[in-house]
Amino acid sequence: MQDFPQPPIQMAMPQGPQQVVTIAVGLIVVACLVAAVNRLVRSRSPIFLIVLIGGLFCAVNEPLGDVLIQVWFPAIGQWTVFEYLGRPIPAWAVLCYPLYFGAMPYLFYRLLQRGVTRGSFWLATGAVFLLNVGFEAVI
């Protein structure tokens, strides 16, 4: 284990950014849940709600990816939802999963269902990519 890089366990999670990101992502998740329930009531289609829940379940993969690419979220002061493989996973990260693996795929499903041009499809793909890169770079 001497040669394997060890996580900086002494790092502390800054409370201000943690609050801002958790609240912002949480509000987006709540908006998606409201939209999913609305869609369920109006069109009897549970797909949006199902993919949001499925996206939440995908959060269990976060620790594995973190270990493989050596990501470490500061544990001290962190609002930890769960810990696995020695990696504490913060609330904001868990809340991102229903968005990235639920709402975004649902957006593409709806675009394809409606009929979308090749250009519009790639524009949406690029927008999702840029949003993700921007978010990951800041976080």
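This is a short talk that walks through one predicted protein model, from the overall fold to a few single residues.

Okay, hi everyone. Before anything else, please keep in mind that we're looking at a predicted model. How confident is the prediction? The mean pLDDT of the chain is 92, with 99% of the residues at 70 or more. If you go element by element, helix H2, residues 47-57, comes out highest with a mean of 97. Confidence is lowest in helix H5, residues 118-138, and the mean there is 90.

So, the overall picture. How many helices and strands are there? The chain has 5 helices and 2 strands. Going along the sequence, you get α-α-α-β-β-α-α. The C-alpha trace spans about 55 × 30 × 25 Å along its principal axes. There are 139 residues in the chain, and buried ones make up 29% of them.

Let's go inside. In soluble globular proteins, nonpolar side chains tend to be buried together. Here, the largest nonpolar core has 19 residues. Which of them touch the most other members? Those are Val-25, Cys-32, Phe-48, Leu-52, Trp-92, Leu-99 and Ala-103. Helix H1, which is 15-43, gives at least two residues to this core, and so do H2 and H4. H4 supplies the largest share, with 8 residues.

Now, H4 itself. This helix covers residues 91-114, which is 24 residues. From first C-alpha to last it reaches 34 Å, close to the 34 Å you'd expect at 1.5 Å a residue. What comes after H4? That's Gly-115, and its phi is positive, near 95°.

One residue to click on in H4 is Leu-112. Is Leu-112 buried or exposed? Its relative accessible area is 53%, and the cut-off for exposed is over 50%, so Leu-112 counts as exposed. If you want a distance to try out, take Leu-112 and Arg-39: they're 73 residues apart in sequence, and their C-alphas are 17 Å apart in space.

For a contrast, go to Pro-90, in strand E2. Pro-90 has 0% relative accessibility, so it counts as buried. Pro-90 and Pro-74 sit 16 residues apart in sequence, with 8.9 Å from C-alpha to C-alpha.

Next, the surface. Which residues form a nonpolar patch there? Leu-64, Leu-68, Ile-69, Tyr-84 and Leu-85 do, and together they have about 560 Å² of accessible area.

Let me stay with Leu-85 for a moment. You'll find Leu-85 in the loop between strand E1, residues 80-84, and strand E2, residues 87-90. Why is Leu-85 called partly exposed? Because its relative accessible area is 44%, and partly exposed runs between the 20% and 50% limits. The backbone is worth a look too: phi of Leu-85 is near 55°, a positive value in a residue other than glycine.

Gln-70 is another residue other than glycine with a positive phi, near 60°. Where is Gln-70? In the loop between helix H3, which is 62-68, and E1. With a relative accessibility of 45%, Gln-70 counts as partly exposed.

To wrap up, then: it's a predicted model with 5 helices and 2 strands, a largest nonpolar core whose biggest share comes from H4, and a nonpolar surface patch that includes Leu-85. That's me done, thanks.

Terms used:
Residues are numbered from 1 along each chain as its sequence is written. This is a predicted model: local features need pLDDT of at least 70, side-chain atom pairs count only at pLDDT 80 or more; totals for chains, interfaces and linings use all residues. Side-chain values use heavy atoms; hydrogens and water are left out. pLDDT is the predictor's confidence in each residue, from 0 to 100. Helices (H or I, at least four residues) and strands (E, at least two) are DSSP runs, numbered from the N terminus. Patches are made of residues with over 30% relative accessible area and no salt bridge: like charges are joined within 9 Å, nonpolar side chains (Val, Leu, Ile, Met, Phe, Trp, Tyr) within 5 Å. Accessible areas come from the Shrake-Rupley method with a 1.4 Å probe; for residues, only the protein chains shown count as cover. A salt bridge is a side-chain nitrogen of Lys or Arg within 4 Å of a carboxyl oxygen of Asp or Glu. Buried means under 20% relative accessible area, exposed over 50%, partly exposed in between (1.4 Å probe, protein chains only). The expected span of a helix is 1.5 Å times one less than its number of residues. A nonpolar core is a set of buried Ala, Val, Leu, Ile, Met, Phe, Trp, Tyr and Cys residues joined through side-chain atoms within 4.5 Å.
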